[in-house]
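Please open the structure in a viewer and keep the selection tool at hand. The stops below are meant to be taken in order.

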Amino acid sequence: MSADVVSLLGQIREVGRDPRGPGYQRPGFSPIERELREWFEAEAAARGLDVEVDANGITWAWATQPGPNAVVTGSHLDSVPGGGQFDGPLGVASALDALDRLRADGRLERAARPLALAVFPEEEGSRFGVACLGSRLISGAIAPERALGLADAEGDTFAEVAAAYGLDPHRMGPDPERLAGIGSFIELHVEQGVGLIETGQPVALGASIIGHGRWRLRFTGQGNHAGTTPMAHRADPVAAGSAVIGEIPRLAAGFDRAVATVGRTSIHPGGTNVIASAMDCWLDIRHADDAVVAQVLQAIVDRARDIAGAAGVGFGASRESYSPTTVFDAELTDRMAAQLPQAPRLPTGAGHDAGILAAHVPSAMLFVRNPTGVSHAPEEACEDADARAGAAALADVLAAELGA
Ligand code: HGY
Ligand code: MN
Ligand code: MN
Ligand code: MN
């Protein structure tokens, strides 16, 4: 195989472009993600890998005989709405490229441990609201019953979608045996920030992932006619919810380095001439200290209660998911650093499957320079030379782990 990471990414560049504008729209468990997964499976099969999709929708491609203490590398292929080209696919394409390198220079033949590539579904949680759904299911971070009950914006449940996708909802759930067989998990990912721009390096080692929670804030009022209802007689959930969203930057700024975002709302029923009866806002809060995340949430909830109360609007908050601050495996990361002495160690504010698996499997990450530093938007970028440097770095750290 001569395809390198750049040409591999080129093969899927047109898959799942967002019809509403620039960027990609690659929802989890959708026909588009299936097309991407089948692309990966075809590339893996062309390399003679033994491909299987497990009960949780995770694709495993074995480059050697399966066995204990395996070295696994991979990432995801789904995207956020309007997402960039590299968030997820760079890690998957780099895994294929790194495998080709290890084969071409004979290092795979000398491997003393099994090697597998993996693709995780619904990492962004953009469809069912819970990030890293596949790695949460396999690790027990989410109960299958709760996952199967999650619904997308069309009201389709994950149980229905998963069954249509060919999965057996009754077989989903923790797979401790499979996780126990993984001795090292390494995820390569485009950097979602400017750390590598500032250090002038193409590749970094992941240090940690800051704590990250998602909540749904629901404001409930009285639906009514937009033209016949006097302003003083309204219980308008959109006015209250919008006022709360407007206060979030000020509230978050009160906590050093905390970040809080509402990037998605839903208004019911959503008529131009209708005072809404309900508004949902999805809140994302992150900080390196989990206690600070809780304090930011409390400040926002307290303010929301005040605003909703003054507007005669009901308010409730429910947690969608939480990933505590995660430090990657120190020994694994140190072994990787020995192969990449120039690579800085960078924390990240972005969640990853490696962060979920880290509680069960020695996990680490590589980041590849993104010259814009922008992610979850079409401006996300990665120079060809840096992508190739990332694949070469991944091959080197995999070879060290394989004892090759
Ligand atoms: O939301 C995140 O941090 C990740 O990109 N899923
Ligand atoms: Mn990602
Ligand atoms: Mn992402
Ligand atoms: Mn991720």
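The tour goes from a bound ligand to the metal ions. The model is a predicted one.

**Stop 1: ligand 1 and its shell**

Select ligand 1 and display the residues around it: E123, E124, Q192, H212, R214, R286, A350, G351 and H376. By class, this shell contains one nonpolar, four polar and four charged residues. Colour domain 1 (5–210 + 325–402) and domain 2 (212–323) separately; ligand 1 lies between them, because both contribute residues to its shell. The space that ligand 1 takes up is the largest pocket.

**Stop 2: polar contacts of ligand 1**

Next, show the side chain of E124, where an N or O atom lies 2.8 Å from a nitrogen atom of ligand 1. At G351, turn to the backbone: a polar atom there is 2.7 Å from an oxygen atom of the ligand. Then select H376, which places a polar side-chain atom 3.0 Å from an oxygen atom of ligand 1. A surface display is useful here, as the protein covers 97% of the 210 Å² of accessible area that ligand 1 has on its own.

**Stop 3: the manganese ion (ligand 2)**

Which protein donors surround the manganese ion (ligand 2)? They are H76 through NE2, D87 through OD and H189 through NE2, at 2.0 to 2.2 Å from the ion. Along the chain, these donors follow the spacing H-x10-D-x101-H.

**Stop 4: the manganese ion (ligand 3)**

Keep D87 selected and move to the manganese ion (ligand 3): D87 bridges this ion and the manganese ion (ligand 2), and the two lie 3.4 Å apart. The coordination of ligand 3 comes from D87 (OD), E124 (OE), E124 (OE) and H376 (NE2), at 2.1 to 2.6 Å. In sequence, the donor spacing is D-x36-E-x251-H. E124 and H376 were also visited at Stop 2, E124 for its contact with a nitrogen atom of ligand 1 and H376 for its contact with an oxygen atom.

**Stop 5: the manganese ion (ligand 4)**

Finally, select the manganese ion (ligand 4), with E123 (OE), G351 (O) and H352 (ND1) as its coordinating atoms at 1.9 to 2.7 Å. The spacing of these donor residues in sequence is E-x227-G-H. Both E123 and G351 belong to the residues around ligand 1. To close, draw a distance from the manganese ion (ligand 4) to the manganese ion (ligand 2); the separation is 2.9 Å.

Key: Residues are numbered from 1 along each chain as its sequence is written. Chains are lettered from A and ligands numbered from 1 in the order in which they are written. This is a predicted model: local features need pLDDT of at least 70, side-chain atom pairs count only at pLDDT 80 or more; totals for chains, interfaces and linings use all residues. Side-chain values use heavy atoms; hydrogens and water are left out. A residue is near a molecule or strand if one of its heavy atoms lies within 4 Å of it. A polar contact is a pair of N or O atoms within 3.5 Å; within protein, one must be able to donate a hydrogen and the other to accept it, and residues adjacent in sequence count only if both atoms are side-chain atoms. Accessible areas come from the Shrake-Rupley method with a 1.4 Å probe; for residues, only the protein chains shown count as cover. On a 1 Å grid over the protein atoms alone, a cavity is a set of points where a 1.4 Å probe fits but cannot get out, and a pocket is an open set with protein on both sides within 12 Å along at least five of seven lines; lining residues have an atom within 4 Å of a point. A molecule sits in a cavity or pocket if more than half of its atoms lie within 2 Å of its grid points. Ala, Val, Leu, Ile, Met, Phe, Trp, Tyr, Cys and Pro count as nonpolar, Asp, Glu, Lys and Arg as charged, and the others, Gly among them, as polar. Domain bounds come from an automatic or database domain assignment. Donors are N, O and S atoms within 2.8 Å of the metal (3.2 Å for Na, K and Ca); water is not among the atoms, so sites may look incomplete.
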